[in-house]
Amino acid sequence: AESIFKKYGLCTIVVNEDTDDSNEFWRASNSHEGRFFEPNGGPGYGDIFIVMPEQFFRNPQGHDSRFGKIVRKHILAFHDAYGQLNDIKVLFGPAIPWAAMTATATYHILKTIEKRVLQPTYLHLRTTSNRPNIMYASHCVPGQIDRLENYTCFLSSPFDFKTQKRVLIFRDNMNAAVAIADYLDSLLPPEYCNRGIVRHYHSMMSKGYQFDTHCDFTESSGNCKILVATAGESTGIDHPDVEIVCLAGLPSDITDLNQRGGRAVRLISGHGLCVLFHEKWALDLDLAEYGLDSTNEILYHFEVMFIRCDQ
């Protein structure tokens, strides 16, 4: 841990049987000054965890470890009830037919459904996740992903509140999301600045702020036209009139991309845009390292078509 910090400057947390178990230590670790185990990143957060596997589970005395409790609190499973599907099936007995329908289940959840619910001879119907009214595009940004000038393209020019499109920008870094929102707001004409036309949203804001911001963005009469958000606005939310979704940085997997891109044009007619902002290094990835030899294979695995756009 010390060598990683000295060489790379990454906050590295060691959790094993020798880790201090006192209330004082864990309260400090979760305090405002050192939220090692909270999501969304930022100063004082852990970048790397070196953890003994036993720390995820109960100790011999039958108690969850401190680390295990924090993981379960902040890193929620994908619909953890899916792990109990077999219990539900037992209640109904073997004569009841089952159908499982999901849009973005992860690979291991699909395998769980197959193993615990479906018969070996089940019929698998699969369709593309693409929606005909969404254009997918990728854009290689100049410089780094958090260069604020990269996001000026989402403001109408000259600015007109009535014609300004509703834009949802996802940036999975709390501080960066705030910086982008503040920067775009500063570019507005003076009479529109600090009026909530551009807002940010992340999990560390108060419940009242989150509620007000969400309503102001999702209601058709809302004042917020551009929302820069972390993952809290990405799943299971119908944004009525979002026309543009931007994913700032590569998503962790295709499920994230589908969920976030799918926030566009959900309840309005017309067409929307889902654009993936990425840095130049992404173009230099060696596809062979991922078992992929061509762009065609990537498109097959991703089930989504991106076009390159330079403007």
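A residue is called buried when its relative accessible area is under 20%, exposed when that area is over 50%, and partly exposed in between. By this standard D172 is partly exposed, because its relative accessible area is 38%. The structure considered here is a predicted model, and the same terms will serve throughout the description that follows.

D172 forms a salt bridge with R260, in which the closest N and O atoms are 3.0 Å apart. D172 lies in the loop between β4 and α6 (174-186), whereas R260 belongs to helix α8, so the pair ties together parts that are 88 residues apart in sequence. Unlike its partner, R260 counts as buried, because its relative accessibility is 7%. R260 also lies over the face of F170, at 5.1 Å from the ring centre.

The helix that carries R260 deserves attention in its own right. Six of the eight residues of helix α8 (residues 254-261) are buried, so this helix is largely enclosed by the rest of the structure. The buried residues are T255, L257, N258, Q259, R260 and G261. Among the elements that cover them are the strands β3 (134-140), β4 (167-170), β7 (244-248) and β8 (272-278).

The bridge between D172 and R260 is one of seven salt bridges in the structure. Another joins D241 to R166, with the closest N and O atoms 3.1 Å apart. D241 lies in the loop between β6 and β7 and R166 in the loop between β3 and β4, so this pair ties together parts that are 75 residues apart in sequence. Both D241 and R166 are buried. R166 in addition lies over the face of F217, at 5.9 Å from the ring centre.

A further salt bridge is formed by K165 and E243, whose closest N and O atoms are 3.3 Å apart. This pair links distant parts of the chain, 78 residues apart: K165 is in the loop between β3 and β4, and E243 is in the loop between β6 (226-229) and β7. K165 is partly exposed, at 39% relative accessible area, and E243 is partly exposed as well, at 25%.

Aromatic rings provide another kind of contact. The whole structure contains four aromatic pairs. One of them, F159 with Y192, is edge-to-face, with 5.1 Å from centre to centre and 65° between the planes. F159 lies in the loop between β3 and β4 and Y192 in the loop between α6 and β5 (198-201), so the pair ties together parts 33 residues apart in sequence. F159 is buried, with a relative accessible area of 17%. Elsewhere, Y151, F154 and F277 form one aromatic cluster.

Technical notes: Residues are numbered from 1 along each chain as its sequence is written. This is a predicted model: local features need pLDDT of at least 70, side-chain atom pairs count only at pLDDT 80 or more; totals for chains, interfaces and linings use all residues. Side-chain values use heavy atoms; hydrogens and water are left out. Buried means under 20% relative accessible area, exposed over 50%, partly exposed in between (1.4 Å probe, protein chains only). Helices (H or I, at least four residues) and strands (E, at least two) are DSSP runs, numbered from the N terminus. Contact means heavy atoms within 4.5 Å. A salt bridge is a side-chain nitrogen of Lys or Arg within 4 Å of a carboxyl oxygen of Asp or Glu. Rings of Phe, Tyr and Trp (its six-membered ring) pair if their centres lie within 6.5 Å; planes under 30 degrees apart count as stacked, over 60 as edge-to-face and the rest as tilted. A charge sits over a ring if NZ of Lys or CZ of Arg is within 6 Å of the ring centre and within 35 degrees of the ring normal.
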